[in-house]
Amino acid sequence: MSAPTVVHAPRRRRIDGWRWASRFFLVFMLIYTAVPMAWMMVTSIKSGFAAMAFPPEWWPSEPTLASYRNLLDPQNSVGRDFLRFFWNSLYVSTLTTILAVLVAVPAAYAFSRFRFPGRQFLFFSVLLRNMFPAVIFLVPLFILMRFLGLVNTHGSLVLTYLTFGLPLAIWLLKGFYDNIPIQLEQAARIDGATRFQAFVLIVMPLSVPGIIATAIYSFIGAWNEYIYAYTFLSKNEQLTLPVGVQRFFSENTTDFPGLMAASFMMSVPVVVLFLILQKYFVRALTEGAVKH
Amino acid sequence: MTDVTAQSRPAARPGGTRSDLLRQIWISRADYLYVLPAIVVMLVVIAYPIYYTVDLSFYKTPPGLQLKDKSFVWFDNYTTILTSGVFWRVTLNTVIWTIASTLIAFVLGYALALALHREFAGRGIMRAIFIVPWVISAVAASYIWKWIYHSDFGIIGVVMVQLGIVDRPPNFIDSVNTVLPSLIVVNIWREFPFAMIMMMAGLQTVPEQLLRAAQVDGASAWQRFWHVTFPHLRGVSTVTVLLLAVANFNSFIIPWIMTGGGPSNASHIWITHIYELAFGRQRWGVASAYSVLLFIILMTLGYFYVRALSQGERRERGA
């Protein structure tokens, strides 16, 4: 009976080695990931003077919420601008999300279920959109928007955001539909439902997690978008958060607490949204994109 | 009917006769209604700009967007680009930026997915923390790191001084030698979570029995990874690496906000350079020619991307 223990002992030790390596690695990655974010938050509750102290205060001796009050106060001009940017971002992102879901759902369903000529080609050309950088499209799109009379409107942003959100949305959703058994729809068809009814009444409810994942993705993409907003909008009252914050702080280059507070508030909505709904997102990836 | 029942048979393979194809199209006309909205949006916002860019790349354009005065110059814009020294500098930067960011982000993300695969206390919180850099806006990330790299009050420099490594804080992003690696660190910070999520999703598809069988047969942790997990995830890995590579190749925000391509072009990559040519110096023709070259490179990458995806698709249909 001694043979198995001899075999076992070195293997145990080797596994422990890996376990320790993975612990060290996790700690290293936690520092790399969390320290910048923690430093952002600590800086945001310092006074402008304390932020430039040497040696730095790891925790401010006099923590203050002045920067946040400043940004959220509709009475002063900074707060008025910031709240306006925030509202603009919310408006553009929400509208983009709704439209993206409305367009992506039928397209993904068709790519998943129907076999029409050119299906492969269309599917891949949709995916290929992901490959091209915004910069390439800026000049022609700018001219196109001018032609459509959309320059300096939020419509120009919604239209462009739609296109870069769509490919991944369609891809994620298609994977989801691929995993919904066809028999369910066939049963519905036998019971007399039309193809469209089967889609709306049977498939749609089952794909709600996929739709949620798609919506999160579109929202986050639109919320964080910078380059189109930077190019298409010039009026201050229309700017979205990333551009607005950038423009504001290129004039106030030393207000680091304010800048960190603004970065923090710009991040909160998407982080909260993602953390609440992340299980749908990971599930959509697992069921759709990854499982083959 | 090209209905759901036709799934077992790939219809409309372009091998039939012409009238067959037309009949197929006519029969499945209703199917197109589902994809029509997506296609229309794509056409307006993609096909037209591509055509426009290619066209403009053969013209010399006056500054400003009064494009009426442009003149046809054949391939002049292309030769201008290929003979300029900046082009090669920027290309080298782009190659370093893309390859370093992609590989390191992928390896870190993959390793994290493996480390987080086992159940342990605090796993959920850790996963949530790791995802945050990917979710927040790149603009916010750029400002956070700009503050961390600050040449007088930046936390890294200060810590290095206090530990006695250097006498005075280094100028991470103001020095030609360190700017590119410093920006790559920021870029990886933002992208490893994506690799992690993809690989976590992939890991869930590795059959548990297979791993257990290997363990029973005496395979070490490394052997189980190398002979079971790694080959099983080859498809996901390829897609992840390609998506990362394309995203990195197309990066703009981090270099643009943190350095604007400086100092002396040391952190300019293709996209920031094109943007500066177009919107900074208003050399639309040259910028368009650059974009066309970019297209060609991306289409090559895209070919591999589509091939990786359609392999997955074929496997799925075979299953």
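## Close-up views of a predicted two-chain model

**View 1. Helix α6 of chain A bends at a proline.** A kink of about 35° sits in α6(A), with Pro140(A) at its centre. Please keep in mind throughout that this is a predicted model. Pro140(A) is among the buried residues of α6(A). Ahead of Pro140(A) in the list of buried residues come Ala134(A), Val135(A), Ile136(A), Phe137(A), Leu138(A) and Val139(A). Leu141(A), Leu144(A) and Met145(A) complete the buried set of this helix. Follow the chain just past α6(A) and you meet Gly149(A), which takes a positive phi of about 70°.

**View 2. Helix α6 of chain A packs against helix α13 of chain B.** Here α6 (residues 134-148) of chain A meets α13 (residues 270-280) of chain B, and their axes lie 9 Å apart. The angle between the two helices is about 20°, which makes α6(A) roughly parallel to α13(B), because angles under 35 degrees count as such. From α6(A), look for Val135(A), Leu138(A) and Val139(A). Their partners in α13(B) are Ile271(B), Ile274(B), Tyr275(B) and Ala278(B). Sorted by class, this contact holds seven nonpolar residues, with no polar and no charged ones. Val135(A), Leu138(A) and Val139(A) also belong to the buried residues of α6(A).

**View 3. Chain A meets chain B.** Stepping back to the whole interface, 88 residues of chain A are in contact with 86 residues of chain B. Helix α1 (residues 2-44) of chain A supplies the largest share of chain A's side, with 17 residues. On that side of chain A, 65 residues are nonpolar, 14 are polar and nine are charged.

**View 4. Two domains of chain A touch each other.** The domain assignment divides chain A into domain 1 (2-44) and domain 2 (77-290). Where they meet, four residues of domain 1 are in contact with six residues of domain 2. The side belonging to domain 1 has two nonpolar and two polar residues, and no charged ones.

**View 5. Chain A is built from helices.** To place the earlier views in context, count along chain A: there are 13 helices and zero strands. Of the 292 residues in chain A, 45% are buried. How much of the contact in chain A, counting separations of 6 or more, links residues 24 or more positions apart? The share is 76%.

Definitions and conventions: Residues numbered from 1 in each chain as written. Chains lettered and ligands numbered in written order. Predicted model: local features only at pLDDT ≥ 70, side-chain atom pairs only at ≥ 80, totals over all residues. Contact = placed C-beta atoms within 7 Å. Helix = DSSP H or I, 4+ residues; strand = E, 2+ residues; numbered from the N terminus. Nonpolar A, V, L, I, M, F, W, Y, C, P; charged D, E, K, R; others polar. Axes fitted to C-alpha atoms, helices over the stretch in contact; angles between N-to-C directions. Parallel < 35°, antiparallel > 145°, perpendicular 65-115°, else oblique. Domains from an automatic or database assignment. Buried ≥ 20, exposed ≤ 12 C-beta atoms within 10 Å, placed from the backbone. Bend = angle between axes of the 7 residues up to and from the residue.
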